[in-house]
Amino acid sequence: MTLNSEKKHRLSVYLEPDLKRRLADFANRREQSTSLIAEAAIASFLSPDADDRKEAAIVKRLDRIDSQCQRLERDLGITNETLALFIRFWLNSTVPLPEESQVAARRKGEERYGYFLRALGRRISKGENLGAEISNAGFRDEHR
């Protein structure tokens, strides 16, 4: 009996138990043999295009991360400027209270702070954000 060059050759490999289980689970879900799945995986791994695909996927992910970082940096800048502007405005426009009024003012401040936290919680739960509000306000002002 001669070997046909078109026949597949047997290969024995050792796999970690977890990897073997994952391979079997994957093959069962695909209703394919583990041998076919392993062969496809090895072919993909050895393909010259595999490295290019991996690199393209990594570059795509890095580009997305870079865009997210740029948005975060922009949003943080807006937040810092907003806070600085508010503090400057508050310090320039708030008159110091006489000693006898400070206890009542603190109480009122705590009450108002509670209102603020509840309003902030509502905005966050609705997905509203200052960046979008600023963008929308700028758009409305340009088209008046």
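Here are a few notes on this predicted model, point by point.

1. Confidence first. The chain averages a pLDDT of 86, with 91% of its residues at 70 or more. Ranked by mean pLDDT, helix H1 (residues 17-30) comes out highest of the elements at 94, while helix H5 (residues 130-142) is lowest at 68. I'd keep that figure for H5 in mind when looking at residues 130-142.

2. On to H1 itself. Its 14 residues span 20 Å from the first C-alpha to the last, close to the 20 Å expected at 1.5 Å a residue. Right after H1 comes Glu31, with a positive phi near 55°.

3. Helix H4 (residues 102-126) can be read in a similar way. It has 25 residues and covers 36 Å between its end C-alphas, close to the 36 Å expected at 1.5 Å a residue. What follows H4? That would be Gly127, and its phi is positive too, near 85°.

4. Now the salt bridges. Searching the whole structure turns up six of them. One to look at is Glu39 with Lys8, where the side chains meet at 2.9 Å, N to O. Glu39 sits in helix H2 and Lys8 in the segment before H1, so this pair ties together parts that are 31 residues apart in sequence.

5. There is a nonpolar patch on the surface, about 720 Å², built from Leu11, Val13, Leu15, Leu19, Ile42, Phe45 and Leu46. Which element gives the largest share? Helix H2 (residues 34-46) does, with three residues. Val13, another member of the patch, belongs to the segment before H1. That segment also holds Lys8, the partner of Glu39 from H2.

6. Last, the charges. Asp49, Asp51, Asp52 and Glu55 gather on the surface as a patch of negative charge. Of these, Glu55 can be placed in helix H3, which runs over residues 48-93.

Technical notes:
Residues numbered from 1 in each chain as written. Predicted model: local features only at pLDDT ≥ 70, side-chain atom pairs only at ≥ 80, totals over all residues. Heavy atoms only, no water. pLDDT = per-residue confidence, 0-100. Helix = DSSP H or I, 4+ residues; strand = E, 2+ residues; numbered from the N terminus. Patch = residues over 30% accessible without salt bridge, like charges linked within 9 Å, V, L, I, M, F, W, Y side chains within 5 Å. Areas by Shrake-Rupley, 256 points an atom, 1.4 Å probe, with all protein chains shown as cover. Salt bridge = Lys/Arg side-chain N within 4 Å of Asp/Glu carboxyl O. Lys, Arg positive; Asp, Glu negative; His and termini not counted. Charge placed at Lys NZ, Arg CZ, Asp CG, Glu CD. Expected span 1.5 Å × (residues − 1).
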